[in-house]
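This report introduces a structure to a reader who has not met it before. It takes up salt bridges, then a pocket, and then a sheet.

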Amino acid sequence: MKHYIALADCDCFFVSAERAFNRRLEGIPVAVLSNNDGCVISRSKEAKALGLKMGEPYFMARPRLPDILYVRANHDLYRATSEKVMAMLKSFTPDVEVCSVDEAYLDLTGTKLLYKQNYFKTAAMIRNAVWDKLHIPVSIGLSTTKTLAKLASDKAKNCGGIFAIGSAERRKILAQTKIEDVSGVGKRLLVKMRDGCVFTALDFISRPDHWVKTQFGAHGTDLKAELSGILLYKVDPVGKPPQSIQQTAALKTFSSELAVLETALLGHIHSACRKAREEGARATMIDVMLRTKDFRVLREKKKLPFASNQELEIAPPALALLRTMYSSSILWRSVGITLFGLSYGDSLQGELFSAPQQSDERLGKVLDMLPELHLGGN
């Protein structure tokens, strides 16, 4: 059975969410910053046309491009907007796999009978509904596999918002696609591709199966199948739970004060624990990160005595790790925490049973009712 997969990708999502919240921003160059003096993490088409680069530091961009409106990131707004977009996508088909805050795969197979129109028209209907009701622009790519739908979505941004890759034009499009533009081709894989004289997606799928398997293993053979229109990666409405939860941000100003770092870290711990509770996850390991003014990174890890998603249990060992790395003679740029070794549900492994869990679930629920903390960072 042939499937028809769509990838819906919100355009310039953070900027679009800001514009949906404040319509006066429409049509003017806007950039969203990681924090007041951080880097550009989202830019409007108008800002891009002026030459603003993604990731450009604010202190460099502002003097060079003073006509751009620079906005500090509001992640609560983006999270709420994402939930509305994903809920709307699910109103058209239950088979929706959320990939990130601004991307989701939809399996449209079967909707042709439901809506009595072709898949391209259904994609247009979805795109128009998201814009009319939420004021969020969405690019949608259509094809028979996830990999091709992703490629089509990238092309849709410059082709009116919707782009389809069917069997008739697939080889022509792949011949025009650089292999590095294919989802799933990372830096190390790209080096091997070039060593094997593979420069386009068509070059890759034209190679014999035995050569692909020898050079790139199972990942390579799966990628070739997907680019050839054979669906291997199905849309999973449940999705895979995250393997780690990270929260980090630059400080408002460089600081050598321990109290500033501790306050910022506590804010990140709250955000990470909040996210863990939302996911139904508990961490068995923590990783505390410190970054110096000149971008040197220090890290310390610690295994927890039992799995937890509670601030009162994670903060003490995290603060202890911070203090082991801290030096008052260094100017610090940022601090962060990663929760990993996540367990889900009530299943705890091995030695986790050796220590009684002291989690106060009621306190966690109370904290989740409070507004998101932004101490010393975003």
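## Salt bridges

A salt bridge, as the term is used here, is a side-chain nitrogen of Lys or Arg within 4 Å of a carboxyl oxygen of Asp or Glu. The model is a predicted one, and by this rule the count comes to 14 salt bridges. One of them joins the side chains of Asp11 and Lys157, with an N to O distance of 2.9 Å. Because Asp11 lies in the loop between β1 and α1, and Lys157 in the loop between α7 (146-156) and β8 (162-164), this pair ties together parts that are 146 residues apart in sequence. Asp11 counts as buried, at 10% relative accessibility, whereas Lys157, at 31%, counts as partly exposed.

## Two further pairs

The side chains of Arg323 and Glu262 also meet in a salt bridge, at 2.8 Å from N to O. This pair links distant parts of the chain, since Arg323 is in helix α13 (residues 311-325) and Glu262 in helix α12 (residues 258-279), 61 residues apart. Arg323 has a relative accessible area of 44% and is partly exposed, while Glu262 counts as buried at 17% relative accessibility.

Asp287 forms a salt bridge with Arg299, and the closest N and O atoms of this pair are 3.3 Å apart. Here the link runs between two strands, with Asp287 in β10 (residues 281-292) and Arg299 in β11 (residues 297-308), twelve residues apart. Asp287 counts as buried at 6% relative accessibility, and Arg299 is partly exposed, with a relative accessible area of 42%. Salt bridges that share partners also join Asp9, Asp11 and Lys157 into one network.

## The second largest pocket

Two residues of that network return in the second largest pocket, where Asp11 and Lys157, together with Cys12, Arg43 and Lys48, lie nearest the centre among the 18 lining residues. The volume of this pocket is about 500 Å³. By residue type, the lining divides into eight charged, seven nonpolar and three polar residues.

Which elements each supply at least two residues of this lining? They are β1 (5-10), α1 (13-21), β3 (40-43) and α2 (45-49), and the largest share, three residues, comes from β3.

## The five-strand sheet

Strand β1, which contributes to the pocket lining, is also part of an open sheet of five strands, in which the order is β5-β6-β1-β7-β8 and the pairing is mixed. At the edges of this sheet are β5 and β8, each of which pairs on one side only. From one strand to the next, the twist averages 15°. Strands of a sheet pair through backbone hydrogen bonds, and such pairing may be either parallel or antiparallel.

Starting from the β5 edge, strand β5 (residues 96-100) is joined by four bridges to strand β6 (residues 103-107), and the two run antiparallel. They form a hairpin with two residues between them, and Ser100 stands opposite Glu103 in β6. Strand β6 is in turn joined to β1 by five bridges, again in an antiparallel arrangement. Within that pairing, Ala8 has Ala104 in β6 as its bridge partner.

Terms used. Residues are numbered from 1 along each chain as its sequence is written. This is a predicted model: local features need pLDDT of at least 70, side-chain atom pairs count only at pLDDT 80 or more; totals for chains, interfaces and linings use all residues. Side-chain values use heavy atoms; hydrogens and water are left out. On a 1 Å grid over the protein atoms alone, a cavity is a set of points where a 1.4 Å probe fits but cannot get out, and a pocket is an open set with protein on both sides within 12 Å along at least five of seven lines; lining residues have an atom within 4 Å of a point. Grid points are joined across faces, edges and corners, and a volume is the space filled by probe spheres set on the points. Ala, Val, Leu, Ile, Met, Phe, Trp, Tyr, Cys and Pro count as nonpolar, Asp, Glu, Lys and Arg as charged, and the others, Gly among them, as polar. Buried means under 20% relative accessible area, exposed over 50%, partly exposed in between (1.4 Å probe, protein chains only). Two strands pair if DSSP finds at least two bridges between them. Axes are lines fitted to C-alpha atoms, for helices over the stretch in contact, and angles run from 0 to 180 degrees between N-to-C directions.
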